[in-house]
Amino acid sequence: LDTFPIRVPALRERAGDLGLLAESLLARVAPGRALRLTPAASRALATRRFEGNIRELRNLLERASLLADGEEIRPEHLGEEAGAAGEPAATAPIAPEWLTLEENERRYLEWAVRHHEGSRRSLAARLGVGERTLFRKLEALARAR
């Protein structure tokens, strides 16, 4: 069966095809609806690192079609990993590579501090930890730098 192998590039290697693929898949997952991606949603998709294949994109678009009320799919319909308001996925707190739990926590805390616009008390509440716990973690983070 391996007489004539055909290499099919992964979706992450075919970023230029995402627009056409998304358009075609939206017609299949939501027949009868004229769904389209907003420019911000297209940018969010373009910056996403697809680890899977076309099924990952199809599942993402199917979920987005269910979440979208109108005819437009916005970045928030694509899920948290797409980033808010079309931010590149690289700014989201989810790391694409394998990291230790300690490193993940460090990166997440750095991200949370940069993106939170309130007091440390409200940040602790948002993270679901006590103020003292957050203070100790931030102190450890500062010492590690």
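Trainee: What makes up the area that the protein chain exposes?

Mentor: The chain exposes about 10,300 Å², and carbon and sulfur atoms supply 54% of it. Such areas come from the Shrake-Rupley method with a 1.4 Å probe; for residues, only the protein chains shown count as cover. This is a predicted model: local features need pLDDT of at least 70, side-chain atom pairs count only at pLDDT 80 or more, and totals for chains, interfaces and linings use all residues. Residues are numbered from 1 along each chain as its sequence is written, and side-chain values use heavy atoms, without hydrogens and water.

Trainee: What is the mean pLDDT of the chain?

Mentor: pLDDT is the predictor's confidence in each residue, from 0 to 100. Here the mean is 81, and 86% of the residues reach 70 or more. Over residues 81–95, pLDDT stays under 50.

Trainee: How do you know that the span of α6 agrees with its number of residues?

Mentor: The expected span is 1.5 Å times one less than the number of residues. For the 14 residues of α6 (131–144) that gives 20 Å, and the end C-alpha atoms are 20 Å apart, so the two agree. Helices are DSSP runs of H or I, at least four residues, numbered from the N terminus.

Trainee: Which residues of α6 are called buried?

Mentor: L134, L138 and L141. Their directions from the axis fall within an arc of 55 degrees, so they line one face of the helix. Buried means under 20% relative accessible area, exposed over 50%, partly exposed in between (1.4 Å probe, protein chains only). The face turned away carries the exposed R132 and R143.

Trainee: What do the buried residues of α6 pack against?

Mentor: Against α4 (101–115) and α5 (120–127).

Notes:
Helix = DSSP H or I, 4+ residues; strand = E, 2+ residues; numbered from the N terminus. Arc of directions from axis to C-beta. Contact = heavy atoms within 4.5 Å.
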